[in-house]
Amino acid sequence: MANATLVFSLNWSRFVPMESLIKEVESVIENSSITNEKELENFRLELLSRKGKISELFEMFRQVAPEEKKKYGAKINQLKSLAETKFNALKENIGATKESDSGDQTDPSLPLRNLPAGSRHPLQIVLDEMQEIFIRAGFVVENGPEMEDDWHNFSALNFPEDHPARDMQDTFFIDEDFALRTHTSSVQVRSMEKGELPIRIIAPGRVYRNEAVSARANCFFHQVEGLYIDKDVSMADMKQLLLYFAHEFFGKDARIRLRPSYFPFTEPSAEMDVTCFLCNGKGCNVCKYTGWLEVMGCGMVDPAVLDACGIDSTTYSGYAFGIGVERIAMLKYDVKDLRTFFDNDVRFLSQFRSKD
Ligand code: DAH
């Protein structure tokens, strides 16, 4: 290689023998296997385009000594026509196959391969079902922030200053002013404060409690809050809506009963039970042989709450309810340990298939 003609290659950033550059391009032309239009286009770009390898060779050729020009000029021209001939032949070939048998091998009429289908989380299935039921009854879904101030989570809802729910043991405080909401009832306050009446909302979402994690309690869970405010709303309206919900969700045979209870923001307050859907009220180990399952808290919105939120309690009245999603899902799917919902074990999750 002592007398080889060297040219400076920008690609390689060094002097290389002209001979090896030519060899390289020649082998690219000869060895490229082309079966479709895309590969053919790549071939054209790599070799025959303005920035392709053959143009590059002509560029290098300018560095070749005058006495060598004839030899290399002829070689490069040969390569160019070799590449062009191959390109044209391939083009014809591919065009012909395309006409007889579409180059695109996909057959859109073939049935789909069985892709592994995911499934909705059981809590989402329950939540979606609940939402659909209330939406059919005219309720609108409303959302609120998970980080709340004392006013929306407690004060406006008539919680006394020394109520245990405000305690460090129950609430995750973020700083002096903010905490993670302990219930979705805070969304009631936000929608009442908007001042648009009547109100008919449900507020699904995550809530947080500073509790030791166990089979029956978790530091976060989900609730669906409901609120209806209008003129002349009575407890009978509430009972009717909740009975409708029980029939839709638990089945036509479900019966409900309201037991007196206490919540700071409702007066009167009640706890709603539904006849056990497993034993139809006869008594089994799920309902602890009572025939009834407790499913939600509810009541008539306390006039103090209406007033705190800027609604005239002498003209308007309303009812509210709060449902624990995990509790319903545990009953519905006979899940014994609440933590299973949050372990994200696919062996558990893939067992749930929704109706749609
Ligand atoms: N906020 C209550 C809780 O977290 C649930 C509740 C009870 C909501 C009664 C209501 C209601 O709207 O009327 O335990």
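Tutor: A residue is near a molecule if one of its heavy atoms lies within 4 Å of it. This is a predicted model, in which local features need pLDDT of at least 70 and side-chain atom pairs pLDDT 80 or more, while totals for chains, interfaces and linings use all residues. Residues are numbered from 1 along each chain as its sequence is written, and side-chain values use heavy atoms, leaving out hydrogens and water.

Student: Which residues come nearest to the ligand?

Tutor: There are 15 residues around the ligand, and H183, S185, R209, Q223 and E225 come nearest.

Student: What makes the approach of R209 to the ligand a polar contact?

Tutor: A polar contact is a pair of N or O atoms within 3.5 Å. A polar side-chain atom of R209 lies 2.9 Å from an oxygen atom of the ligand, so the pair qualifies. For H183, a polar side-chain atom is 3.0 Å from a ligand nitrogen, and that pair qualifies too.

Student: How much of the ligand does the protein bury?

Tutor: Alone, the ligand exposes 360 Å², of which the protein buries 88% (Shrake-Rupley areas, 1.4 Å probe). Elements giving two or more residues to the shell are α7, β7, β10 (292-301) and β11 (DSSP runs: helices H or I, at least four residues; strands E, at least two).

Student: How do you know that β8 and β9 pair?

Tutor: Pairing takes at least two DSSP bridges. Antiparallel β8 and β9 (266-275) are joined by 7 bridges, so they pair.

Student: Why is β8 called an edge strand?

Tutor: In the open sheet of 7 strands, ordered β3-β6-β7-β11-β10-β9-β8, β8 (256-263) pairs on one side only, as does β3 (140-141).

Methods:
Polar contact = N/O pair within 3.5 Å; in protein donor to acceptor, adjacent residues only side chain to side chain.
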